[in-house]
Each structure stands twice: as structure tokens, then as C-alpha cells.
Amino acid sequence: MDVEIEEKIFPPQEIDETESKTRQIDELLKEKLEKAVHKQTSKVRLHDIAKIACEHTPIDLAYAASHLPPNVRPVLYENLPTREAKIKFILNTDSDTRFTLFRQFDDSELKNLFERLPTNDAVWLIDDLPERRFRRLMELIDAKKAANIKELKQHDRKSAGRLMTSEFFTFTMDMTIGEAAAYIRDNPRIELTNGIYILNHSGELQGQVPGRNMMINPDTTPLRQVMRPILHKVTPDATREEVIDLVERYKLSSLPVTDIDNELVGVISHENVVEAMDDLADETIAHMAGTNENFTTHDSVLRRVTTRAPWLVVTLLAGLLNVGVMSSFQKYGGGILTFTIYFVPLITGLSGNIGLQSSTVLIRIMAMGGLSFGSRKETIVKELFSGLFTGVIFGVISGFLVFGLDLLTGGSFTPVSPLAVATIVGMGLVGGCAAGTFLGVFSPLFFSRLGIDPAIAAGPIVTALNDFLSMAIYFLIAWGVSFFF
């Protein structure tokens, strides 16, 4: 890599007060880094990179690194001042940047990094390593830590076992606060925020001691006197949705994970829950768009296409069905029926939006745990009537608008009976919106029953089916009404 050493003074940045503080920092860093790297030649002003690395926190740099060319990201990493800063950078940057850095690391550098990481963070980073590199790394690091990493890696990526850490404080009930505090001081690498848990002599989980109780009570106080009962816990195979629901509802700072014998096997910190929520949000958005959220700049065009294409096959088939419906309708063409084809975009667009609103509302209720068995029927009925009533309102409005426009234009708006067209459009909207609402309400429930993310109900598959169903209903209504005019 060509490197230019050139000192440069950055001018003061204009700050948009409407943006958040973190967004302002991101924009400032992005501009600084762009000036430190020549776009055409990718030459690096090493002095500027080193200055930026010292002036800003590694977390801010980690977010800004994604805007750099891949060959410059290792330079930024190497110029971070301390090992701790490099660890924070690795943990907070995106998967694409970690992939780039891991390719540059030799085995010794990778070994030093993973030996300093907490076990749960190490397992999280393992996903960015090729399998062969992972096996070689496990042979290099401490045998006990390697065993813990392998054990956590066996759990499903979306389970509580993958979210938990195996590093936490446990004490027996007869120990005193002073003894526990001394042990905590001797082990500074274990996060105190993971909680302090109390076990009986059989190793079964009995309670938890809040940090405040450790500080306000005398050192000679037994832990059994200050501990609180465990009200909420999960097993390693619990889903991350269950974990998120418990932590959000009961405002837990940590969540213990126990096996069938009530022995403590791990702890899920609030920080890990927040990361799980981010992952879940990314996947939900991707499902709603009908694509994959796990894309990097290294992925080929072919992989991007093959990942998205299966989601769009149903859209293609539904489009062909729509063509078939319109072709079948042509044999009844002439007069009123021919003119009603011009309103197909109105029918499919409005019914699709109403269906999307219904599915989005229902998905949100399901995600927040508000759709219990007792409230399910009431929620479904309300959404169905809401969509139907909305369709009736807009159907009546559209019918009057079509009829009114024909009167205002002196009969030039519709070359056929305006009353017939207004009736067909109005009733077609009611039928199409009813179909869209039906799909929007029941498709999330259908996918949830199959164990599939309900967010798919807001994606292209259901949208395509809604277009076909609403258009078919519209044409049937138009065909039926035409007999009366």
C-alpha cells in the first residue's frame, strides 16, 4: 500500500443542530477519514489516520470504518493507541470490517485477541471466521476457554444458549459479603453487571444479590440474608424472542440460564439482549423487503441475486396469474367492462396498502407479546372490521368522485354510463380492500403457526397474492354489475 506522510489541518465543521450528537460525530469522522484517504489512488496520509485514531473513541471509529475502502481499515485498526481500544473497535464495528481485519491477522494476532475477549463476545465474533481458521484458533488458545467457546457455539444462533456468557459470579449461601467482595476484586475481568448469584451446596440456583446490597451491608453479613429470589429464568434452548420479552417486560439487568436440574449454566446481560434486538430488527426489515440482511461488500453479484430471487418467484407467478385473469376478462370486453380495466391500479394499490397496514399492526402486536389466546379473537375481529369499514368509506368516496368528474367534464370522463362505472369502482374497492384485510390479518398468524417469521406477511409474497386476489374480485364484481346496465 502506498503511504504518504503529510500533515493536514482540518477546518472546523459546520454542525446541523437538527441531527443527533452521534450522527454529527459520524459525519465529522466520515469527512475526516475521506480527506485522509485519496479516493482515486487509495493513498493514505498516515499522520492523519494516526491523529484521528487518537482523537476519537474506538467505538465511534468502529462505526465510521465501514465508509473506508477495505484496504484502509486495517491501517486505522493498527493506529489505535492501546490493545483495549482495538478490542472495543473489533466488537463494535460491522461484520464486513471484521472479516477484512481477520484476513489480515496472523494466527498470533488472532490468538492474542481472542484470549482477551470474554467468552460470549468471542463466540459472537467466531461467525466472521472461516471454519478452518476457527479450528486452528481453538488449538492455539487456552484449552479451558476453547472448550467454553465450543460449548456455546453448539447452541442455535437464535437461542438463549448463544446469547449467554459463562463468566459470572456465584457464591454459596453461607459466604459473607466480605468474602464475596474479596473474590470479586481478585477477578476484575468478570463483568459485575452480569449479576451475583447464590447457589446451595448442591449447585442449584437459589437467588441473586443486588450490587447495592453488597455495598450498604456489613462485610460480616451472610449472603443468604441479602439475596433476593429468582423470579425469571430461561433454559439454553429458549428463543431469543422469549429472552427479549422477559427482559423488556420486567426490566431485568441480567437473566440467568439454567438447565433442567436448576443448575446455573450462563447469564444473559442486558447488553447482549440489546444486540439481539438489533439483529431481530435487521432480520424483520429484510423479511419485509424480501431479501437477506447478511450482505457484505465482499459478496458477489451472483450471491446477491440468488438470495433475493426465490422471494420474488411468487411475485412472478402471481403477475402471470394477473395477466391470465385480465386475458380471460377480454372475451367479455366492450363498453363498460373495457373501461373498468383502467381502474385496476387504483384497486390493487389501495387494497394492498390496507392489507399492509393490517399485517404491520398485527405483527407489532405479536412482537410485543400483546396477542394472547384470550385477546386473539377480539384483535382479529377489530382489524377485519377496520379494514372493511375503510374499504367502504373509500369505495363510496371513489364512486362519487368518478360520477362527479363525469358530470363536471360534461360526460367526457367516461364514454359509458357514469353510474355503472362509479358502482363498479366503488364496489370493487370494497371487495378488494376486504380481500387485502383478510390476507393482512391471517397471513401473519398462518406464518407464525408454521414457525416462520410473521414479518414475511408484509413482504412481496403476500403483496403479490393480494394483488391477484383483489383484482380477481374486482373483475368478478365488474362482470356481475355489467348485467344491470
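Q: In this predicted model, which residue lies over the face of Tyr 77?
A: A charge counts as over a ring if NZ of Lys or CZ of Arg is within 6 Å of the ring centre and within 35 degrees of the ring normal. Here the distance from the ring centre is 5.4 Å. The residue over the face of Tyr 77 is Lys 86.

Q: Which residues form one aromatic cluster with Tyr 77?
A: Tyr 77 carries a lysine over its face, Lys 86. Tyr 77 is also part of an aromatic cluster. Its partners there are Phe 89, Phe 102, Phe 105 and Phe 114.

Q: Over which ring does the charged end of Arg 98 sit?
A: The cut-off for the distance to the ring centre is 6 Å. The charged end of Arg 98 is 4.7 Å from the centre of its ring. That ring belongs to Trp 124.

Q: The structure holds 9 aromatic pairs; is the pair of Tyr 474 and Phe 475 stacked, edge-to-face or tilted?
A: The centres of Tyr 474 and Phe 475 are 5.7 Å apart. Their planes meet at 35 degrees. Planes under 30 degrees apart count as stacked and over 60 as edge-to-face, so this pair is tilted.

Q: Are Tyr 474 and Phe 475 buried or exposed?
A: These two residues form an aromatic pair. Tyr 474 and Phe 475 are both buried.

Q: Why does Val 396 count as partly exposed?
A: Val 396 lies in helix H19, residues 373-408. Buried means under 20% relative accessible area and exposed means over 50%. Val 396 counts as partly exposed because its relative accessible area is 44%.

Q: What is the area of the nonpolar surface patch that includes Val 396?
A: Val 396 shares this patch with Val 381, Phe 385, Leu 388, Val 392 and Phe 400. The patch area is about 550 Å².

Q: Lys 251 has a positive phi although it is not a glycine; is Lys 251 buried or exposed?
A: The phi of Lys 251 is about 50 degrees. Lys 251 sits in the loop between helix H14 (240-250) and strand S7 (254-258). Its relative accessible area is 69%, so Lys 251 is exposed.

Q: Asn 262 is not a glycine and has a positive phi; is Asn 262 buried or exposed?
A: The phi of Asn 262 is about 65 degrees. Asn 262 is in the loop between S7 and strand S8 (264-269). Its relative accessible area is 18%, so Asn 262 is buried.

Conventions
Residues numbered from 1 in each chain as written. Predicted model: local features only at pLDDT ≥ 70, side-chain atom pairs only at ≥ 80, totals over all residues. Heavy atoms only, no water. Phe/Tyr/Trp six-rings, centres within 6.5 Å; stacked < 30°, edge-to-face > 60°. Buried < 20%, exposed > 50% of the residue type's maximum accessible area, 1.4 Å probe, protein only. Patch = residues over 30% accessible without salt bridge, like charges linked within 9 Å, V, L, I, M, F, W, Y side chains within 5 Å. Areas by Shrake-Rupley, 256 points an atom, 1.4 Å probe, with all protein chains shown as cover. Salt bridge = Lys/Arg side-chain N within 4 Å of Asp/Glu carboxyl O. Helix = DSSP H or I, 4+ residues; strand = E, 2+ residues; numbered from the N terminus.
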